[in-house]
Amino acid sequence: MRQSLARSVIALACAPLLALGALSGAHAQDTKEPHAHGDKEIQADVQRHRAMAAAHEAAAQCLQAGKGHEQCVKDLQAACKGLAIGKYCGMKHQH
């Protein structure tokens with residue numbers, strides 16, 4: 001009886017770990033791309049990344065020129081409209 005109880009306790013202690021492992025494995029499969037991008041999609045991504053890079057470079061120059069953080073962020077948001085996710089053009093850092 002004692003051995004059976006010990007096995008039950010061990011099984012109950014391990015159950016959450018096994019469930020967590022199963023969930024993380026399922027998540028890893030969900031994050032894979034459903035299909036490879038073709039040349040057309042890759043070129044569109046290249047163009048978007050270059051446009052975002054140009055917008056970020058302009059924001060850096062704006063800050064360097066002393067125009068103020070608020071103005072430079074507004075300019076960045078305008079330049080990135082429709083390009084990236086979020087209001088920081090796909091990039092946010094701490095201040």
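**Confidence.** I began with the confidence values of this predicted model, and found that the chain has a mean pLDDT of 75, with 59% of its residues at 70 or more. I then looked up how this confidence is spread over the elements: helix 2, residues 39–64, has the highest mean pLDDT at 94, whereas helix 1, residues 2–30, has the lowest at 48. Within residues 14–20 I noted a pLDDT below 50, and this stretch makes zero contacts in the model beyond near neighbours in sequence. I keep in mind that predicted coordinates should not be read in detail where pLDDT is low.

**Fold.** I counted three helices and zero strands in the chain, which I wrote down in sequence order as α-α-α.

**Surface.** For the accessible surface of the chain I have about 8200 Å², and carbon and sulfur atoms account for 60% of that area. Of the 95 residues in the chain, I find that 9% are buried.

**Core.** Which residues form the largest nonpolar core? I listed six, namely M52, A55, A59, L76, C80 and C89. Helix 2 and helix 3, the latter spanning 69–80, each supply at least two residues of this core, and the largest share, three residues, comes from helix 2. As background to this entry, I recall that nonpolar side chains tend to be buried together in soluble globular proteins.

**A55.** I then followed one member of the core, A55, and asked which residues it contacts once neighbours within four places in sequence are left aside. The contacts I recorded for A55 are L76, A79 and C80, and of these L76 and C80 are also listed in the core.

Definitions and conventions:
Residues numbered from 1 in each chain as written. Predicted model: local features only at pLDDT ≥ 70, side-chain atom pairs only at ≥ 80, totals over all residues. Heavy atoms only, no water. Helix = DSSP H or I, 4+ residues; strand = E, 2+ residues; numbered from the N terminus. Buried < 20%, exposed > 50% of the residue type's maximum accessible area, 1.4 Å probe, protein only. Areas by Shrake-Rupley, 256 points an atom, 1.4 Å probe, with all protein chains shown as cover. pLDDT = per-residue confidence, 0-100. Contact = heavy atoms within 4.5 Å. Core = buried A, V, L, I, M, F, W, Y, C linked by side-chain atoms within 4.5 Å.
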